[in-house]
Amino acid sequence: MNIIKILFLLYFIQNPYDITPSDAIKKITNHDNNILLIDVRTKEELDEIKIEGVINIDFYSDEFKNYLLKLDKYKTYYLICRSGRRSGIATSFMRDNGFKDIYNIKGGMIEWQNSNLSLEIKKGH
């Protein structure tokens with residue numbers, strides 16, 4: 001198989017631990033009051049735009065992995081960053097360390113904004 005076909009397949013194959021921003025907001029608002037949203041962007045990025053009520057754990061912090069490992073492994077977490085790359089890496093790290101209900105918000109804040117989703121989430125309504 002040539003490289004173009006491989007890249008094409010990789011682009012369109014959905015990671016089973018990815019969730020779209022639209023699906024994430026639906027689950028948070030309609031179904032589960034126990035989902036915790038973690039934003040792994042820097043403080044400067046959060047100052048530009050953020051979803052109300054997110055937990056911020058800076059991906060570039062020296063203590064990033066330690067902060068993640070202190071979280072309750074039995075809760076549900078949705079991770080977001082600017083584009084989905086950092087949150088995807090963090091999602092993989094958490095899964096490798098025993099977290100079961102952990103999802104990467106595919107496309108990050110870029111896709112969240114492109115989907116015109118609210119930055120104010122009312123949980124469990």
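This section describes the salt bridges found in the predicted model. A search of the whole structure returned three such contacts. Side chains of opposite charge can pair when their charged atoms come close.

One salt bridge joins the side chains of Arg41 and Asp39, with an N to O distance of 2.9 Å. Arg41 has a relative accessibility of 3% and therefore counts as buried, the limit for that class being under 20%. Asp39 is likewise classed as buried, because its relative accessible area is 0%.

A further salt bridge connects Lys43 with Asp47, where the closest N and O atoms are 3.0 Å apart. Lys43 and Asp47 both belong to helix H3, which covers residues 43–48. The two positions are separated by four residues, about one turn of the helix. Both Lys43 and Asp47 are exposed.

Helix H3 also contributes Glu45, which pairs with Arg86 in a contact between distant parts of the chain. Arg86 lies in helix H5, residues 85–96, and is 41 residues apart from Glu45. The side chains of Glu45 and Arg86 form a salt bridge with an N to O distance of 2.8 Å. The relative accessible area of Glu45 is 16%, so this residue is buried. Arg86, at 6% relative accessibility, is also counted as buried.

In terms of exposure, Glu45 is buried, whereas Lys43 and Asp47, in the helix that holds Glu45, are exposed.

Terms used. Residues are numbered from 1 along each chain as its sequence is written. This is a predicted model: local features need pLDDT of at least 70, side-chain atom pairs count only at pLDDT 80 or more; totals for chains, interfaces and linings use all residues. Side-chain values use heavy atoms; hydrogens and water are left out. A salt bridge is a side-chain nitrogen of Lys or Arg within 4 Å of a carboxyl oxygen of Asp or Glu. Buried means under 20% relative accessible area, exposed over 50%, partly exposed in between (1.4 Å probe, protein chains only).
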